[in-house]
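User: Please take one close look at the charged side-chain contacts in this model, and then follow the account outward to whatever else can be said of the fold.

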Amino acid sequence: MEILSIENLIDDKKCYETIRKLRWGENGVICPHCNSAEIIKRGKDDQNKHNQRYECNSCSKRFDDTTGTIFSGRHQPLKIWILFLYFMGLNLSTSQIAKELNLNKDDAQKMAITLREGIVDKKEATKLSGKVECDEVYIVAGHKGNASAVKKRKEKVGRGG
């Protein structure tokens, strides 16, 4: 009897279709090198039959569905990365994810770092506008470079009187 593994329940083809849909959206494929939309398909990847290859008619560079993403050039299959992300979303620890996906703990740790850094890199910078309120702010003006001029007042703690 075959042991049921979660990675056997997810389909490589669906993973690549999802990546294509999320990455290219309704606008279609755009060259990650020059941003041209003049793209032609150039078959499938030798390592993964679901990873579409492309060539840009403008800059003549070739790329695939994962070029320029955190999934590019990784030795783990895309479905493992997708499952890893899913488990991170469930708030599982890295060691729990490693055990579930039959990964080396060090590899799992590197994957978690890569995914977290990829999320942070893609996050837009927060821009504040309008009125902004801050609590618990201590601002010292006019004493730059002179720490001794900024001494906290020692409060006298005493009882009764």
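Analyst: At 39% relative accessibility, Arg42 is partly exposed, where buried means under 20% relative accessible area, exposed over 50%, and partly exposed in between (1.4 Å probe, protein chains only). The model is predicted, so local features need pLDDT of at least 70 and side-chain atom pairs count only at pLDDT 80 or more, while totals for chains, interfaces and linings use all residues. Residues are numbered from 1 along each chain as its sequence is written, and side-chain values use heavy atoms, with hydrogens and water left out.

Arg42 pairs with Glu55 in a salt bridge, the closest N and O atoms lying 2.7 Å apart. Because Arg42 sits in strand 1 (residues 39–44) and Glu55 in strand 2 (residues 52–56), this pair ties together parts that are 13 residues apart in sequence. The term salt bridge here covers a side-chain nitrogen of Lys or Arg within 4 Å of a carboxyl oxygen of Asp or Glu. Helices (H or I, at least four residues) and strands (E, at least two) are DSSP runs, numbered from the N terminus. Side chains of opposite charge can pair when their charged atoms come close.

Glu55 is buried, with a relative accessible area of 13%. Glu55 also meets Arg62 in a salt bridge, at 3.3 Å from N to O. Arg62, at 56% relative accessibility, is exposed. Arg42, Glu55 and Arg62 are thus linked in a network of salt bridges. In this network Glu55 is buried, Arg42 partly exposed and Arg62 exposed.

The structure holds 5 salt bridges, and one of them lies within a helix. Lys14 forms a salt bridge with Glu17, with closest N and O atoms 3.9 Å apart. The two residues are 3 residues apart in helix 1 (residues 12–24), which means that about one helical turn separates them. Lys14 is exposed at 54% relative accessibility, whereas Glu17 is partly exposed at 31%.

Strand 2 (residues 52–56) holds Glu55, and the cysteines come next. A disulfide is a pair of cysteine sulfur atoms within 2.5 Å, and by this rule the count comes to 0 disulfides. Cys34 is in no disulfide, and the nearest cysteine sulfur, that of Cys56, is 3.6 Å away. Cys56 is likewise in no disulfide, its nearest cysteine sulfur being that of Cys34, 3.6 Å away. Cys34 is partly exposed, with a relative accessible area of 33%, while Cys56 is buried at 1%.

Next, a pocket. The second largest pocket has a volume of about 230 Å³. A pocket is an open set of points on a 1 Å grid over the protein atoms alone, where a 1.4 Å probe fits, with protein on both sides within 12 Å along at least five of seven lines; lining residues have an atom within 4 Å of a point. Points are joined across faces, edges and corners, and the volume is the space filled by probe spheres set on them. This pocket is lined by 15 residues, of which Tyr16, Asn51, Phe71, Arg74 and Gln76 lie nearest its centre. The lining divides into 5 nonpolar, 7 polar and 3 charged residues. Ala, Val, Leu, Ile, Met, Phe, Trp, Tyr, Cys and Pro count as nonpolar, Asp, Glu, Lys and Arg as charged, and the others, Gly among them, as polar.

The last part is helix 3 and its flanking loops. In helix 3 (residues 94–101), Thr94, Ile97, Ala98 and Leu101 are buried. They cover an arc of only 100° around the axis, which puts them on the same side of helix 3; the arc is that of the directions from the helix axis to the C-beta atoms. Ile97 has 0% relative accessibility. Ile97 and Phe84 are 13 residues apart in sequence and 6.7 Å apart in space, C-alpha to C-alpha.

Asn91 lies in the loop between helix 2 (78–89) and helix 3. Its phi is near 70°, a positive value in a residue other than glycine, and Asn91 is exposed at 70% relative accessibility. Asn102 follows helix 3, with a positive phi near 60°. Asn102 lies in the loop between helix 3 and helix 4 (105–122) and is exposed, with a relative accessible area of 69%. Most residues other than glycine have a negative phi.
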